[in-house]
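Here is a short tour of one protein model, written for someone new to reading structures. Keep the picture open and follow along.

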Amino acid sequence: MSDSNGIVLELNQLSCGYQGHPVVSQLNIHLRAGDIGCLLGPSGCGKTTTLRAIAGFEPITGGEIRLAGQRISSADKRLPPEQRQIGMVFQDYALFPHLTVQDNVGFGINRHPERKRIVAELLDLVKLGHLGKRYPHELSGGQQQRVALARALAPDPKLLLLDEPFSNLDGELRRRLSAEVREILKARKISAMLVTHDQSEAFAVCDHVGVLKEGRLQQWDTPYNLYHEPATPFVASFIGQGYFIRGQLLTPDTVQTELGVIRGNRAYQLPAGSAVDVLLRPDDIVAQDNSSLRARIIGKTFLGATTLYRLQLPTGSVLETILPSHDDHPVGEQLGIRTAADHLVVFSAQGSVNVHAQLPLEQVLDTEPAAQDE
Ligand SMILES: Nc1ncnc2c1ncn2[C@@H]1O[C@H](COP(=O)(O)OP(=O)(O)OP(=O)(O)O)[C@@H](O)[C@H]1O
C-alpha cells in the first residue's frame with residue numbers, strides 16, 4: 001500500500017519532543033513501499049521517539065507524518081494508534097502470558113472469518129507451526145520474538161515498526177533471526193521501519209538507513225552509500241571503521257597525502273590546494289609486497305576469515321587494513337601497502353595541509369562536510 005509515487009511513509013519536516021524540549025527536529029524521510037528502513041544512531045538521539053510518533057503514541061510539534069498518502073499526524077491533529085493500521089514489534093516481545101502462541105498471534109484478528117487459516121499460515125511462516133499450543137514462558141527468546149512478529153503481521157498492517165527487536169538476543173541467534181526477519185518481510189512485501197543502535201544489524205536487515213545525531217538526520221541512504229559515501233564526518237565515523245589522514249586537494253578528484261596521490265570517483269568543489277581530511281577504511285588499504293610505501297604493524301585482531309591490522313606510517317599516522325587471515329604477518333613487521341580508495345571521501349579540514357599528524361576523530365566530527373557536486 002503506497003501513495004501514487006510508491007511511497008508508503010513520509011516524514012515531512014517532522015519535529016517532536018517532551019514537555020517543550022525538542023528531541024527530533026525537521027526530519028525528512030520517505031520510505032518506499034516494500035522497503036525496510038532503519039533509524040540508526042547513538043543512545044538518546046531520538047530513534048524511539050520518532051518510531052513512537054509514527055505509531056501515534058507521541059504528539060508531534062511540527063511537520064507531518066503521512067502513511068500511504070494519508071496524513072496521520074500533524075501539530076494539531078493525530079489519528080489514534082489503533083486506527084493507523086501499523087503493527088509493532090518491541091524489544092521485550094510484549095506477548096500476553098496467559099494466551100497460547102496461536103491465541104497471541106490471532107489476538108488482533110479475533111473477528112476475522114479466516115482467523116484460523118491466517119494464524120496457521122503465519123506460524124508456519126515464522127517456523128513455529130508445531131508450537132501453537134504452548135504458552136510464551138515455554139519458548140526461548142528467539143521463539144517469542146517470532147510469535148511477536150507473527151502477531152504484528154496478522155492484521156495485515158500497512159507498515160510494521162520494529163523497536164530494537166533483536167537486542168535481547170545474543171550473538172549468532174541475533175544474526176540469524178535478523179536475516180530471517182528480512183526474508184519474511186521481503187517474501188510478504190511488508191514495508192517496515194526498524195530502530196537499532198547496531199550498525200551491522202541495520203546493514204543486514206535494511207534497504208535504507210537514516211543516521212540520526214541529536215535528533216537531526218545526517219543522511220538517509222543505502223548501507224553501501226553510507227559506508228562508502230558518508231555525507232558528514234559524523235556518519236563517516238559512526239558507520240564502520242576508518243581513520244582520517246590530512247591531505248591537500250590537487251584537483252576536484254585527487255588528493256595529495258603522505259600515502260601518495262589518491263584519485264577517487266567523485267569530484268569535490270573545494271578550491272585546489274584546500275586542506276582536507278581523507279577517510280581511509282580498512283578495505284582502502286591493501287598489502288603489496290613490492291611497494292615502496294611501508295607501514296609498521298602495531299596491532300592485529302584475528303576475526304576468523306580475516307585479520308584486522310593496525311598500521312603506523314613513518315609520520316606516526318595510524319591506519320587499518322583487513323587481510324585474509326591465512327596471509328599472516330607478525331606485529332612489528334614493515335608491511336608493503338598501497339591505497340585502493342575508489343570511493344574517495346574527503347571533508348574540508350581546518351588548519352595546515354602540512355600537518356600529517358593523526359587527527360583524533362573528535363576533532364573532525366563537527367567540521368562541515370565538503371561541498372559536493374552531487
Ligand atoms: N517520556 C519521556 N519524557 C521526557 N523525555 C524523554 C522521554 N522519552 C525519551 N526522552 C528523552 O528524549 C531523548 C531521546 O530519547 P529516545 O528514547 O528517542 O532515544 P533513542 O535514540 O531511542 O535512544 P536509545 O538507543 O538509548 O533507546 C532522550 O534525551 C530521552 O531522555
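Let's begin with the overall layout. The centres of domain 1 and domain 2, taken over C-alpha atoms, sit 38 Å apart. Domain 1 covers 7-228 and domain 2 covers 241-365, with bounds that come from an automatic or database domain assignment.

A quick word on the ground rules. This is a predicted model, where local features need pLDDT of at least 70, side-chain atom pairs count only at pLDDT 80 or more, and totals for chains, interfaces and linings use all residues. Residues are numbered from 1 along each chain as its sequence is written.

Now for a helix. Helices here are DSSP runs (H or I, at least four residues), strands are runs of E (at least two), and both are numbered from the N terminus. Helix α4 takes in residues 141-153, and at 1.5 Å a residue its 13 residues should span 18 Å, which agrees with the 19 Å between its end C-alpha atoms. The expected span is 1.5 Å times one less than the number of residues.

How many of the 13 residues of α4 are buried? It's 10, so to speak of α4 as mostly covered is fair, given that buried means 20 or more other C-beta atoms within 10 Å of a residue's own, exposed means 12 or fewer, and partly exposed is in between, with C-beta atoms placed from the backbone. Among the buried ones are V147, L149 and L153. The buried residues of α4 pack against β7 (86-89), α2 (101-106), α3 (115-125), β8 (159-163) and α5 (171-187); contact here means C-beta atoms, placed from the backbone, within 7 Å.

Next, the ligand. Its surroundings include Y18, K47, T48 and H197, where near means a C-beta atom, placed from the backbone, within 6 Å. Helix α1 (residues 47-55) gives the largest share of this shell, three residues. The shell divides into three nonpolar, seven polar and one charged. Ala, Val, Leu, Ile, Met, Phe, Trp, Tyr, Cys and Pro count as nonpolar, Asp, Glu, Lys and Arg as charged, and the others, Gly among them, as polar.

Finally, two backbone oddities. Most residues other than glycine have a negative phi. Q19 and Q26 have positive values instead.

| Residue | Phi | Place | C-beta neighbours inside 10 Å |
|---|---|---|---|
| Q19 | about 45° | loop between β1 (7-18) and β2 (21-32) | 4, exposed |
| Q26 | near 45° | strand β2 | 15, partly exposed |

How values were computed. Contact = placed C-beta atoms within 7 Å.
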